[in-house]
Amino acid sequence: MPKLSLVPGGWDVPDDERIKQIARSDRRAAADWVVRKYRDPIFQHAAWILKDWEEAIDVAQDVFIRAMREPRFFDEEFKMKAWLYRVTSNLCFNLVRDRRRRNAILESVPRPLGDEPHQTDFVFAGQQQQQILAAMDRLTEDHREILMLRYYSDLSYAEISDTLGIKLGTVMSRLSRARGQLVEVLDELGVETS
Amino acid sequence: MVCSEVRERLVPWHDGEVGPSEDELIRGHLVGCPSCTRLDQRLRDTVPAPPQLSPPPEVQQRLARALDIDLLLQEASRPAPPPERLWMQTWRLLTRRAEVPVGAVMVYALLLFASFAWGLSSWWALPTGQVPLDAASADIPADQFRPAAFEP
């Protein structure tokens, strides 16, 4: 899992339960910890889906504003990590769908060169991962989402279950189908394995 | 365990998410199934790894400004925008995984319903027990009726 390290280190990150305890006496301090703890993972998750810095920043900001408006956010039973990822995914995929519709409408209009100044710059360990990312773009939204949650954001099966609101067994079968579909696309593209 | 069951469990098996009994069944199956063994190897070779992000300094600065806690709390204290209306939610749901133009499907469904409703209303309009007559023979008494072919 790559670290962005956008936030200066030097402090111990409290776990979610500790943050909830802090919220009982100081909601502002708890909100501050949530942002410090989750800003990089949420920004990265948004950037991986959207591949656009500016949109990823806007989504990250929107997610944390919604979190602070959510009255149950610091409740004992509330799964804040799953909630943050769910809202991020929903906002990002809504943007992707809007973008797709907009592009379909503007398809005939020629786009000037360099018209997308905010495109993300991904750095890969090797060419094969670049091919895997290209293949992931051809998967269905559900499959792409679950692969990103598992392999990019490193969520456990239980966390994916909470994030997507599906049973653990469904996480396993959907993940298997997604990986199987990925292999099929890579085969179609003629990508050799290492 | 049959191939389809093993294939559904290979990824959770790699991730250590299956129990000991299932682990044994999968291992046993792979020993005697070259096809599943090939898929197993292919899956191991194509595990997605997260691409590293390298946002330029101005993006990092903008992110830091956008996620300033005071700014976020100030924004959060403003009244939330009204929730999405039901028809918008329905539209999003309809268009979520649409592979065909939704508008065309809806127009087709509307026409289908209209033609069905028109047919139904015509059937209901008939008086009970009356059989629709042919328009050409409706006003001719039965004893005077002669088919055209009888004329010399």
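Start where the two chains meet: across the interface of chain A and chain B, six salt bridges turn up. Keep in mind as you click around that this is a predicted model.

Want to see one of those bridges? Select A:Glu54 and B:Arg62 and show their side chains, which meet in a salt bridge at 2.6 Å, N to O.

Next, turn on polar contacts. Between chain A and chain B there are 14 residue pairs in polar contact, with both residues at pLDDT 80 or more. Now color chain A by its secondary structure. Helices H2 (27-50), H3 (53-69), H4 (80-105), H5 (127-136), H6 (141-152) and H8 (168-189), along with strand S1 (122-123), each give at least two residues to the side of chain A that touches chain B. Which of these elements supplies the largest share? Select H8(A): eleven residues of that side come from this helix. Color the touching side of chain A by residue class and you'll find 29 nonpolar, ten polar and 17 charged residues.

Zoom out to take in the whole contact. Select 56 residues from chain A and 44 residues from chain B, and you have everything that takes part. The area buried between the two chains is about 4,800 Å², and carbon and sulfur atoms give 60% of it.

Last stop: hide chain A and look at chain B by itself. Here you can pick out seven helices and one strand, and following the sequence you meet them as α-α-α-β-α-α-α-α. Of the 152 residues in chain B, 20% count as buried. Switch on the surface: chain B exposes about 11,400 Å², with 63% supplied by carbon and sulfur atoms.

Key: Residues numbered from 1 in each chain as written. Chains lettered and ligands numbered in written order. Predicted model: local features only at pLDDT ≥ 70, side-chain atom pairs only at ≥ 80, totals over all residues. Heavy atoms only, no water. Contact = heavy atoms within 4.5 Å. Buried area = accessible area lost by both parts, 1.4 Å probe. Salt bridge = Lys/Arg side-chain N within 4 Å of Asp/Glu carboxyl O. Polar contact = N/O pair within 3.5 Å; in protein donor to acceptor, adjacent residues only side chain to side chain. Helix = DSSP H or I, 4+ residues; strand = E, 2+ residues; numbered from the N terminus. Nonpolar A, V, L, I, M, F, W, Y, C, P; charged D, E, K, R; others polar. Buried < 20%, exposed > 50% of the residue type's maximum accessible area, 1.4 Å probe, protein only. Areas by Shrake-Rupley, 256 points an atom, 1.4 Å probe, with all protein chains shown as cover.
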